[in-house]
Amino acid sequence: MAYNCVVLIKQVPDTKRITGQAMNEDGTVNRSALPAIFNPEDLNALELALQIKEKYGGSITVITMGLPAASAVLRDSLFRGADDAILITDKRCAASDTLATSYILSCAVKKIEYDIVLCGRQAIDGDTAQVGPQLAEKLGVPHITYVEELIELNGKTITARRNIGAGWQQVKAGLPVLLTVTGDANEPRVAAAKKMMKYKNAHTPIEIEKEVKGDNPDADDATTKALVERKCSILKEKNLLIKQWDLDFLEADLTWCGRSGSPTKVHRIQSVVLAAKESKNVEPNDKGISGMIHELIEDKIIS
Amino acid sequence: MIEVNRDGEVWVFGEQHGGRLEDTPIELLSKARRLADTLGVKLTAVVLGNNVKELATKLIHYGADKVYVVEHPLLRVYQANSYAKVIYDLIHKYKPQIVLYGATVTGRGLAPRIASAAKAGLTADCTDLQIGDHTTVKDKQVHKNLMFQVRPAFGGNIIATIINYDRWPQMATVREGVMPMPEPDGSRKGEIIEEKAEISQKDLPLQILAEHKRAKKVNLKAARIIVAGGAGVGSKDNFQLIWDLANCLGGAPAASRAAVDLGFIDHDHQVGQTGTTVRPSLYIAVGISGAIQHQAGMSQSQKIVAINNDPDAPIFQTAHYKIVGDLNEVVPKMIKAIKEKS
């Protein structure tokens, strides 16, 4: 049988490329100086969904919540083989912690028919690994975390191997289910040239609006609106319109979104200052090294 | 979700598998003991399983005042759904103010499931916990005696302190190995309370078909001396230098992520953000530049010796002994000096 997969992805700052300049003086992150990338393990989740589709048939819907610019990772997913893409963007989503994020995502996933929800194990900006299991709880489905291999799908059951730290576990569950996928699960494919040609013009309504305003700076609001609607309907016909959902469309309870829906708050952010209390330079010769070893023995650090 | 209450206990999830207590609840008890003492409340461990009562005594020896033991045949093997349901029910019944879990594969699946059901806050992978006050920016309201949940973020580039003042319990998972193991005190007495689990087969959505646990090749957390090599060591063959130095010190060989990725040594030996966090008496970093992700896993070492041919290598910022030189000359000289002295 065929399976409908929903893949949740995130656009993240490339934390491995943070340089001194990427931090503000007050220790906050200067996000604009960081390249935005497709969260690495979300690519593994997408790849697993693509493999399921190739083997069993079905469809793949990718969803991201973020700023309008996050549509880039949705397009990237279409280039790699996803069928449908949805951007959840709304100013009222700002300051959502993992609890509020999982609530908002659950409202979106509930609007889609699905058998399997896939997430990356964790995102490299927060490294929390919490949204997957929290989303599973909100959907009322079991979760299998740290999936490193899909063994089999058979009717309404799934068998997978998960990493359990030092070792592995093979588990079977009924569908629907939520998986979080590790970087060891597969080697994500690259974008297909044909699909890139097809989907490079896939856009969200917000991107179209920006484009229309750029092309017609003097148009009044009504004209702009009409132009945007026309462009959107043309894209929709060509299957190139990336869906854009806000919290009203999701019928989300605003108490559980954004700041009010987030129990965790930031008390303080500090930049990391690494410094030894006392340090000594040791000459790289016999005398220097022997002296250091002598001190370490005296201090009972080595015996 | 439970209301803010100042007399709630401090809880530690007593993770066990197959009747064997993991290290993390024991590490957590040492820190949680201090939190509970500062708040003037009881420190309680929660153990779920089948035939796990004897673990309660052990948890008391390591610092718990009280242990809730929940035994049920269906709790013999951990599953997120069943464990989350039982702990959620207990949280509702007793209203603890703090609940801590190890940031193990199990804890990282279980805690978010509970947090979601309880609509409570959860901070992941904390490296430190303290009690402190917070004043809100907007209305200058003071919230006293909150749990400060300290964790690295943005790949270890910043340290964030997270709080949770309006919806309790305050929950966190804590990284393995960041808190010292306390010594057990066999004379400690505590209260053991048996609790019933309201669960049935439908709370076990998974079938565990097979499991393979392998012993870690090295126990870095327990090592008193660690000799770690980085990409600068150059090759797998040359990594023998690291093994030799570790051997003559009775220490454990370790590596940076770069050295593991280059195939010099197995991942079990990796220290840092994505490896093991260590705090040995002596840490010798050989040919490791000292990316922040690596330093996050070793900067708590009592003494740090760094050997690198680049005088500007970041590892020198934390080192107590800095040796700028060729590791291929320095390491043999160290081995020689150690053999002569001891």
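In the predicted model, Ser271 of chain A stands opposite Ile158(B), a residue of β10(B). This position belongs to a pairing between the chains, in which β12(A) and strand β10 of chain B (residues 158–163) run antiparallel and are joined by six bridges. The two strands form part of an open, four-stranded sheet with antiparallel pairing, whose order is β12(A)-β10(B)-β9(B)-β8(B). Because β12 of chain A (265–271) and β8 of chain B (128–135) each have a single partner strand, they stand at the edges of the sheet, and one side of each is left without a neighbour there. On average, and with direction ignored, neighbouring strands of this sheet are turned by 35° against each other. Helix α1 of chain B (residues 23–39) packs on the sheet, where it touches β8 and β9 (142–153) of chain B. The direction of helix α1 makes about 30° with that of β8(B).

A further strand pairing links the two chains. Strand β9 of chain A (residues 167–174) and strand β13 of chain B (residues 206–213) run antiparallel and are joined by seven bridges. Within β13(B), Gln207(B) is the residue that stands opposite Lys172(A). Counted over the contact between the chains, 72 residues of chain B meet 67 residues of chain A. On the side of chain B that touches chain A, 35 residues are nonpolar, 22 are polar and 15 are charged.

Chain A itself contains eight helices and 13 strands. Its C-alpha trace spans about 80 × 55 × 45 Å along the principal axes. Chain A has 303 residues, of which 43% count as buried. Among the contacts in chain A with a separation of 6 or more, 70% are accounted for by residues 24 or more positions apart.

For chain B, the domain assignment gives domain 1 (10–203) and domain 2 (220–341). The C-alpha centres of these two domains of chain B lie 33 Å apart. Nine residues from domain 1 of chain B and nine residues from domain 2 of chain B take part in the contact between them. The side of domain 1 of chain B that touches domain 2 of chain B comprises three nonpolar, four polar and two charged residues.

Chain B also holds an open sheet of seven strands with parallel pairing, in the order β7-β11-β6-β1-β4-β5-β12. The edge strands of this sheet are β7 (122–126) and β12 (191–195) of chain B, each of which pairs on one side only. Neighbouring strands are turned by 20° against each other on average, direction ignored. At the β12 edge of the sheet, strand β5 of chain B (residues 66–71) pairs with β12(B) in the parallel sense over five bridges. Tyr68(B) stands opposite Ile193(B), which lies in β12(B).

Two helices of chain B lie across strands of the seven-stranded sheet. Helix α3 (residues 80–94) of chain B lies across β4 (43–49), β5, β6 (98–102) and β12 of chain B, and runs at about 145° to β4(B). Helix α4 (residues 105–118) of chain B lies across β1 (10–13), β6, β7 and β11 (170–174) of chain B, running at about 170° to β11(B). Strand β6 of chain B is thus listed among the strands crossed by helix α3 and among those crossed by helix α4.

How values were computed: Residues numbered from 1 in each chain as written. Chains lettered and ligands numbered in written order. Predicted model: local features only at pLDDT ≥ 70, side-chain atom pairs only at ≥ 80, totals over all residues. Domains from an automatic or database assignment. Nonpolar A, V, L, I, M, F, W, Y, C, P; charged D, E, K, R; others polar. Pairing = 2+ DSSP bridges. Axes fitted to C-alpha atoms, helices over the stretch in contact; angles between N-to-C directions. Buried ≥ 20, exposed ≤ 12 C-beta atoms within 10 Å, placed from the backbone.
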